[in-house]
Amino acid sequence: MAMKRIGVFICHCGRNIAGTVDVKRVAEEIGKREDVAFSTTYVFMCSQPGQKLIEDSIKKYNLDGVVVANCSPTLHERTMRNAAARAGLNPYRVEIANIREWAAWPHEDNPEAATRKAIRIINATIEKLKANAALHPIEVPVIKRALVIGGGVAGMQAALDLADAGIETVVVEKNPSLGGNMIRLSETFPTLDCPQCILTPKMNDVGSHPNIKLYTYSEVEEVEGYLGNFKVKIRKKSPYIDWNKCTGCGECAKVCPTVLPSDFDLKMATRKATHIPFEQAVPFKYTITRYGVPPCNAACPLHLNAQGYVAAAKAGRFDRAIEVVWENLPFAGIAGRICTHPCEDACSRRFVDKPVGIREIKRFVADWAEKNQKRYVLHVEGEKDKSVAIIGAGAAGLMAAHDLRKKGYKVTVYDKLPVIGGMLAVGIPPYRLPQEVIDREVQPLIDAGVKFVLNYEVNEKNFEEIRKKHDAVIIAIGTHKERHLNIPGEEKALHALEFLRKVNLGEKMDLKGKKVVVIGGGNSAVDAARTALRLGADVTIAYRRVREMMPAIPEEVDDAEEEGVKFKFLVSPAEIKDGTIKLEKMKLGEKDESGRRRPIPTGEYEEMPADLVILAVGEIPDASFAEKLGIEVERNRIKTDEYLRTSLDGVFAAGDAVTGAWDWVHAAAYGRWAAKNVMHYLEGEEMEEVKIEWKSNLRGFPELAYPAGRHDTMKLDLKERVSTFKEFNLGYSDEDVVDEAKRCLGCGGCAQCGLCLEVCDVNAIDLTMKDEIVEEDVGAIIVATGFEVMPPEAFPELGGKYPDVLNALQFERLLAPSGPTAGIPRRPSDGKVPESIAFVHCVGSRDPQNGVPYCSRICCMYTIKQAMLVKHALPNTAVYDFYIDIRSNGKGYEEFYHRAKEEYGVNFIRGKVSKVYKVGDKYRVQGVDTLTGRIVEVDVDMVVLATAAKGSEGVKELAKKLRIPYDEWGWLKETHLKLKPLETPVGGVFIAGAAQFVKDITDSVSQGSGAAAKAMALLSKPQLEKEPLLARVDPEICAGCGRCKDQCAYGAISIDPVRHVAVVNEALCEGCGACSANCPTTAIQVVNFKKGQIIRAVDVLAEVF
Amino acid sequence: MKEENFDPVIVGFFCNWCTSAAADLAGTARLHYPPNIRPIRVMCSSTVDPVYLIRALQEGADATILGGCHPGDCHYITGNYKARRRVAIVKTVLKSLGFDDTRVLLEWISGSEGPKFARVMNEYTAYIRERGPSDFKYLDSLGGEEIE
């Protein structure tokens, strides 16, 4: 029932409102309304007499509703509602009309308009109020536990205060140790305490307090619920070490070959991939850092752990390296010789100089294993009774055979050739890949029970038999059919495959003194040319484009040239005659689909002598074979779906037969995928889509790059090389392989080489450990995520790109007695002790163009402290301090500044620095002294920039999860800057320390305690009250359509299956009203925000006058 | 439709958590913007029924503005996305009926963006002032009642 006796109380707010709004006139105008029983003004409605006035008036005039026209409801809504309640009026029958922030202040330049707007806002508020129902808060239980996010000094203080008060507290810290930024500092101003000494007791208390549950190396993943009842999901990042077992002995770090920049020391030092950030860390447990899949591993179609075996090789542990290769691939020797190494093409070292010789390192360890009689053993993981036939014993077939056998399937491989290896055996000449390498790497498959049926041609007659005999078939027939040129005389030529096959299978062929022309530019052409050369021929490769466009591996082309193969470019064969070949000259035209410029015939011809022409113009699968078997073929290739299934049930295909002629590693990768999906097929599982290449954006750490260039391998003596079929590439020497491995930039972090596993006595290390999600229920949350400072690189004009120009936090590490230089600052570039240092204040701070508009508050004091500490450590070092203003507004701060100036002789120069640049060995700091008006130039050894502070990385994402506001610099926003600095608009979520804005340790600690007190007040209540402003359904008109349910972000609405109407779960509803806006019948509405109420208010607001 | 001394009426629906807070901040900082903005606080931008916007235009407003939290920052998780969809529909309906769809504006203004609040109010008022009175509110004078 609409209210009829409303009281309106208009506040002057001193002159804040009354200075602009004519409050008397407002009261008069409003008083004219029929539904208003009483209206008045008062100087401060929030004062006790003001509240009394409301209470008395409610009683005196028997008011049924109250509008207080004053400030924002965030400030005094509660005050006014409490006053009304004391007078017996339901508090939900009180509404605030915000005429201060929304009328008086923004329109102080226009009192008439402000007054009219105030009247209008009050009228609209009355219209809304009139249908307000009397409500009672909903009582909800409160979970008497708290969560503190951030383990810096503020967070630790909050956690300890809560825990001491008997409240079980969960602490989440994203780094492996507690301590935050404070533990990085050298000493603290103005007392010159050492944080390692004063903070570690707190860290230990947090680590061992019976009421504190500590999650370090963890982050908040998800937050649900509300005041008093939060459900928090925490991601425990995998440290790859079981912390329950780790004793902190450090043996793992001793053997770890992967060196990374120390994040704790802000790159001022290095550390191992397994590490404890600093000596006093709590908990004292090792953490292994892995950034992700490194580019080499991602680019490898077989995803070999390249960084892993390179890391082991770096440690000289070739036995471990070969094991790492074997984890994924038994054919290390084959891959080490002929792989086209996509890993090296992706290697981040290429941005420094040349990629790491990954393939040759693998080849070295494969040969090392053979030399030391270490052989791969295929361990069958439990026999299965199903069998698979593989047609083709080449790259794809062998890989598939291995993987299937490993999982226990019976495997039979059929091949029409008399040897195992397919193209590896008959397409690649033995001087690149000796047959004994193939044989020795296939042997483990034979030993494990893979059956090879050679000299057996599968055809339409025996294929059905094979299908019947086996549960699945993989066709991996490769590309053994030559492409034809269709030129006159082609029949006189030999095709490269045929030529290589004959030579490889031992057919005698004498080419001594003969002129041989090889047509083509791919690997087959180069192989054929080098083979003919070894048979005594005078060989020329004729290619229709130019050298840079040859598809062959460039190193192979170089090797061919070195051996004496000649090249003729921009020619295409026109006719093959007896003893000569007619070539048409070509020129380069537009780019074609391969991205290379297309050769265009010129119409000019030349002839050159040729006793034998070898055509190496491409290979294609023998599609007729598949067609005869009734398998669908597309563009001469076997057609498969994304799971490598052919058109016949249970028949899969892989390798070059599917992709067209490619290379060993891709064929093997397809073989592996075919095996995987065959297993899924046989087990009735879901198929996996083939995905060969992964993405990795990791770029490693060029600043740590080992200075050696790429090493060359040893080669067979040239004379011997061209006259025999002995392997010409002899690989790395023992020394070179280690040196080459050191060139790795360690992109992925931990390389999973496994060396640490060997030395961990307690078996704590688990390199397959996954992140874990844990759930904690808490009643209150304190966010104490701290700050970060801008990197020096952000200020190139101030020399931020130079190694000896640091930001202040980096310099703290150099000053810290526990830091990488043991407290004596040294230049990162050359380790020299600086004879002069310049400090620059306000870098990025108070500078909206280049940084942030605000003062970063702590920089003046820490810079003075650093200047003083430099003087302590190096009394003869000259210290220049460029400042704009010294802001030393804390207890003992000004005195500290004077000590620096007077006792220590720090040279303070008032003025801005405009430029820092390198002059010889020194850095020239160019600035101005505004007190003398002169330009100042000093040459110093080091520059320290006091860069601006910002909210810490990732805080915005966290704020979104908590639904608390933040600003563009990453500072969390308080409810009220002056009066509610610890509160956020989200009930039960508090902020403390530098997360709110950069502040010193004293203030951070105070806020930590303050936030803890706030949380305690909340958690000490037996029950909490929840706003009753929730959605309600009128079942009389609800049609049960469910549109409200779709809108609800909280899952608070369900449809009653019996009555077929919507039902609201009050514990989950947050009262946003999204449901009501989507309801076609107005059946669901938020109490006291009903559509009729809003529309009546809108009518007042929209009215023209 | 341009009139002399045209003073537009603009109804602003401001969500409780972001844009209302921004309006408070703009006021506290004494940032000036035209009094033509007539504000109402709603809990969430998603609670604004398209009917409210149409009603305001019908009852005399020359424009309406809906202010919500930035995408991803909604206090009610996804309310602002719902609001965005509703506003898009209102605009489509207005446009297809031949009315000016720029008279419904959706803006993301966070609780810390007092200056942005003032700027948007200034710019939008200037824009509507330039555009002239809305013809939507004259629907009643098109003879509707007479048919009855």
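**Helix α7, strand β3 and the chain contact**

Student: In this predicted model, what distance separates the end C-alpha atoms of helix α7 (residues 153-164) of chain A, and what span is expected?
Tutor: Helix α7 of chain A has 12 residues, and at 1.5 Å a residue these should span 16 Å. The distance between its end C-alpha atoms agrees with that expectation, being 16 Å.

Student: How many residues of α7(A) are buried?
Tutor: The buried residues include A:Val153, A:Met156, A:Leu160 and A:Asp161. Among the elements covering them are β6 (145-149), β7 (168-172) and α34 (1001-1019) of chain A. The helix is largely enclosed by the rest of the structure because the buried residues number 11 of the 12.

Student: Which residues of strand β3 (residues 65-70) of chain A are buried on each side?
Tutor: In a regular strand, side chains alternate between the two faces of the sheet. Both faces of β3(A) are covered. One side holds A:Gly65, A:Val67 and A:Ala69, and the other holds A:Val66, A:Val68 and A:Asn70.

Student: What is the handedness of the crossover from β3(A) to β4(A)?
Tutor: Strands β3(A) and β4 (residues 94-98) of chain A run parallel and are joined by 5 bridges. A:Asn70 has A:Asn98 as its bridge partner in β4(A). The chain passes between the two strands through helix α4 (residues 73-86) of chain A, and this β-α-β crossover is right-handed.

Student: Which element gives the largest share of the side of chain B that touches chain A?
Tutor: The contact draws 40 residues from chain B and 43 from chain A. Elements giving two or more residues to the chain B side include α2 (50-58) and α3 (79-96) of chain B. The largest share, 5 residues, comes from α1(B).

How values were computed: Residues numbered from 1 in each chain as written. Chains lettered and ligands numbered in written order. Predicted model: local features only at pLDDT ≥ 70, side-chain atom pairs only at ≥ 80, totals over all residues. Helix = DSSP H or I, 4+ residues; strand = E, 2+ residues; numbered from the N terminus. Expected span 1.5 Å × (residues − 1). Buried ≥ 20, exposed ≤ 12 C-beta atoms within 10 Å, placed from the backbone. Contact = placed C-beta atoms within 7 Å. Pairing = 2+ DSSP bridges. Right-handed = clockwise from strand over helix to strand, strands pointing away.
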